[in-house]
Structure formats: structure tokens, C-alpha cells
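I opened the notebook to look up pockets, a cavity and a metal site. My entries follow in the order I took them.

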Amino acid sequence: MSLVAVIGIQWGDEGKGKIVDLYSKDANCVVRYQGGSNAGHTVAVGEEVIALHHIPSGILYPNVKCLIGSGVVVDPYVILDEINMLREKGFVQNPAQLAISPLANMIMPYHRWLDVAREQARGERKIGTTGRGVGPAQEDRVGRRGIRMYELLHEERLEAAIAAVVPEKNALLEYYGVKERVSPSVLAAELSHLGKKLTPFIQSVDSLLFQSMARGENVLFEGAQGVLLDLDIGSVPYVTSSNTTAATCLSGAGVMVPHSLDAIIGVSKAYATRVGEGPFPTEQVNEDGSKMREIGGEFGTTTGRARRCGWLDLVALKYAVRVSGCTALAITKIDVLSYFDKIQICTGYRMGDETVSDIPDAMSLTHVQPYYEESPGWKEDLTSARHLKDLPMKARHYIDLIEDFTKCPVVSISVGPRRDQTIERKKPWKL
Ligand code: GDP
Ligand code: IMO
Ligand code: MG
């Protein structure tokens, strides 16, 4: 049995979906354990490009069991659309392929409205959330006011749960000047309609996982967002409302017995992007940044927003590797750098007269001046490279520099969005 986590170690959108899909080939279960519908994980197989928000990126393999743990906030409207989209494309023909924990809290329409309203109220101090209602749903989860998936199975309990929260939600909506109001009867009717369609998928995730582990199977944990967006160790308040390291993968999946992970694979682009507000030391608000956005297709999978782009920041990456305990790295989108005459990489931050290569915490990202090393680009198409030896020497040096700086081995290098466009140096199960 191997337990392997794949997590983002920048600000999200590192290509986790692609890497999880790649490793799912040898997995028995793939599990989402945190985040919610704010995630947008893209999987490209042949001509199909599939965007997933809740459903684990292993779903394209019919014999892989995909689990959504109790740590995920699930939007029943969005997940049903996702399931329908996959079914139309010929996937998830057997409902047993997907299980959603009955213990997972739901994202309600009022959470989405409040998310948008709170952002508007913050004005210039806005966080730049995805507007998916994840923050307000997590508040209710922690406040023990959340309505969970199992309520969908019991009409009367669902109605009572909605009735209990509606007065407060409507008062909040009024406070924020939102025109919508929650009608308990309309919401209950909508949810019970969705519930009937989702019922086959609501199954005890912890017992499925327990059985899988008892059989000695391979389990992949799929992180959402990225370490620098972590609720506690990211640059608060410009973060998401969950812990994004692999630390929560067992509790968020519902594994209540002590286990340790065999590998934690941190996914990073060969450059950097961020969507939403907050510090981004190596951001390039210039021609280089625009070129990365255009060639890398850097537009949000969930919101379509243009992603901010910049050079790879090894100082931030080293911090993320340290705090998340990564044992290996997967580097994606190195093909995008082929279009640059010169490539910069941040190897230090200037703080006064000093240049430092370590930071104590992500709050330090706010006022730093990046120091770059510049090298000539390789200017060669990498998209058909399948072995390390197929890469030009300069690209290999780039990978070596990442390994040396972070002290973490690079086990896969992605040279395009498709499954086959990958240089696999080592399998995660054998690390
Ligand atoms: P995630 O949220 O971490 O799963 O990442 P997203 O799916 O939001 O964004 C990554 C984007 O990059 C997707 O459109 C992927 O198809 C694409 N992608 C992944 N790996 C590569 C790569 O090596 N090269 C290129 N050009 N695109 C890639
Ligand atoms: P994946 O899993 C990139 C960002 C938002 C915003 C902040 C808070 O695809 O990598 P939220 O809606 O979570 O309250 O927004 O977090 N954010 C992401 N950025 N990728 C994601 O997910 C993200 N999920 C949230 O842009 O800055
Ligand atoms: Mg994404």
C-alpha cells in the first residue's frame, strides 16, 4: 500500500489535475480532502479538456474509486453539473465510481451571495475570491451551523435545518444590501430535487477508504489550491478558507486511524501565477508577464479571470516545500518558457543591505525585493520530450537549480497539458 499526496506549492493552478490524472493510472482510490468548488482542475486527454471542481482527477479511469471527504465543502448545484458533464462524455457510467461523504458540509446559494457581497463591502481591500461561497460555507462548518450532505437524504430534517439558519442569513443579506432573500420552501424544494439525483453517490467515504487501505491499495490524495494560499501559513487575509498542505489529508478524508504518507509531491509551474489579490514578489506586469499568460493560457479554470504571471520564485518555493513537508516535486509547464530569449529565476530577496534565501513565514512576502539570476533561454520546443535526455542542457540546468535550491528531487517534468507530455523520472509509489 502507498499513500501519496499531490499538492500545489504556489498559489494554486500549478497543474495538480494533470499530475493526479497521470498518477491515477496506478491508483485504486483518489481522494479530495479540503477546499470546495473554488478549485478548478483541468485534465486533458486526447481531444477532451475536462475541468473538475470537486470530483477527483482520477475520475477518467473507470476502475479508480473517487472519494470526496468530509473536509470538502460541496456545492450540490455545481457537483451535479459536473457529474452530468462527465456522464455526457461517457465517464462515471457506474455510480459506484464516485462517493461523496455524507458528512461534507454543503455550499448553499446564500453562501455564494454572501461571498460576493463581503468582497464588495471590502472595496479596495478585497481578497479576490472565486465567489463560489467557500469562505462563508467554511464559517458555518466551523460555527456548527452547516448543513451537511446527509440531510439531503432526509426531507424533514433538511427542512428543519434550513429553517434554523434562514433568519440569520436573511438578516446578513439585508445588512450587505443584497437583493436576494432565502425562501425556506424554495430552497428545500430545490435541494430535495438535487438530493434525489445525488443520493446514489452519498456513501461513507471513511469506510470505503478504510476498506481500501485494509486491502493494501494505492491511495492518492488530491490537494486543492496551493500552500501559499493556506488559511494559517499563507499571506493572510489573501488566502483561501482551508488548510492546503497535506497535513489535513487524513482528517479531511475521514481516516481516523494513525497513518503516515509515503510521499508528498509538491506541484509547481516552471514560472509562477496567482489569481486574486495579495503579495506576489516576482510578478511581471510587463511584456514577459503578458507572454506567459498568452502562451500558458493563464486564465482561471473556475472564474475565467486573467492570472497574474511572473518568474519562478525559489525562495517562496523553498518555504512551501519546508512547511508542507514535500518529499518530491513535479514541475509543470516548462514548455511555456521555450518562448523566452532570457529566463529569470528569483534566488533571493533583498532586505536592506542583505540578500536572504529563506523566509520565516509567508507574511514576509509582502515587502520584499526579488533578486534574479538571469540565463539565456533554450528556445527549443519541448512538447515532444519524453526523457530527461530529450531536454536541452539549459532546461536540464533549470531543473537542477530547482532541485539544488529546494533540496527536493524533481520526479516529473510536464511539457504539455496531455498525459503523455510528461517526463517521468520516478513513480510516486516507489519513492
Ligand atoms: P490545477 O488547479 O493545479 O489543477 O491547475 P489548472 O488546471 O487550474 O491549471 C493548469 C493549466 O495548465 C491547465 O489548463 C492544464 O491543462 C495546463 N497544463 C498542465 N500542465 C501543463 C504543461 O506542462 N504545459 C502546458 N502548456 N500546459 C499545462
Ligand atoms: P485550484 O485547486 C487558484 C484563490 C482566489 C483568491 C483566494 C480566496 O484550481 O488550484 P476563495 O474563493 O477560496 O475564498 O478565494 O484563493 N483561489 C485559487 N487560486 N487556484 C485555486 O484552486 C484557487 N482557489 C481559491 O483566487 O485569491
Ligand atoms: Mg486550478
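**Entry 1: second largest pocket.** I started with the second largest pocket, whose volume comes to about 490 Å³. I note that the model is predicted. I counted 26 lining residues, and G15, T42, G296, K333 and P417 are the closest to the pocket's centre.

Which elements each supply at least two residues of this lining? I found helix 1, strand 3 and helix 9 (287-296). Strand 3 has the largest share, at four residues. I then sorted the lining by class: seven residues are nonpolar, 11 are polar and eight are charged. I also checked the domains. Domain 1 (3-102 + 202-264) and domain 3 (268-430) each contribute at least three residues to the lining of the second largest pocket.

**Entry 2: largest pocket.** Next I took the largest pocket, which holds about 970 Å³ of space. Its lining has 50 residues, and those nearest the centre are N38, V134, V239, T240 and S241. I listed the elements that give two or more residues here: helix 3 (109-122), helix 4 (134-142) and helix 8 (249-253). Helix 4 gives the most, with seven residues. By class I got 15 nonpolar, 24 polar and 11 charged residues in the lining of the largest pocket.

**Entry 3: cavity.** How many cavities of 30 Å³ or more does a search of the whole structure find? I got one. The largest cavity encloses about 40 Å³. I wrote down its lining: I9, Q10, W11, L228, A272, D313, A316 and L317. Six of the lining residues are nonpolar, one is polar and one is charged. Domain 1 (3-102 + 202-264) and domain 3 (268-430) each give at least three residues to the lining of this cavity.

**Entry 4: magnesium ion.** I looked up the protein donors of the magnesium ion (ligand 3). They are D13, through OD, and G40, through O, at 2.0 to 2.2 Å from the ion. The two donors link distant parts of the chain, 27 residues apart. I placed D13 in the loop between strand 1 (3-8) and helix 1 (16-24). G40 sits in the loop between strand 2 (29-32) and strand 3 (41-45).

Are the donors buried or partly exposed? I checked each against the cut-off of 20% relative accessible area, under which a residue counts as buried. D13 has 22% relative accessibility, so I logged D13 as partly exposed. G40 has 9%, so I logged G40 as buried.

Note on methods: Residues are numbered from 1 along each chain as its sequence is written. Chains are lettered from A and ligands numbered from 1 in the order in which they are written. This is a predicted model: local features need pLDDT of at least 70, side-chain atom pairs count only at pLDDT 80 or more; totals for chains, interfaces and linings use all residues. Side-chain values use heavy atoms; hydrogens and water are left out. On a 1 Å grid over the protein atoms alone, a cavity is a set of points where a 1.4 Å probe fits but cannot get out, and a pocket is an open set with protein on both sides within 12 Å along at least five of seven lines; lining residues have an atom within 4 Å of a point. Grid points are joined across faces, edges and corners, and a volume is the space filled by probe spheres set on the points. Ala, Val, Leu, Ile, Met, Phe, Trp, Tyr, Cys and Pro count as nonpolar, Asp, Glu, Lys and Arg as charged, and the others, Gly among them, as polar. Domain bounds come from an automatic or database domain assignment. Donors are N, O and S atoms within 2.8 Å of the metal (3.2 Å for Na, K and Ca); water is not among the atoms, so sites may look incomplete. Buried means under 20% relative accessible area, exposed over 50%, partly exposed in between (1.4 Å probe, protein chains only).
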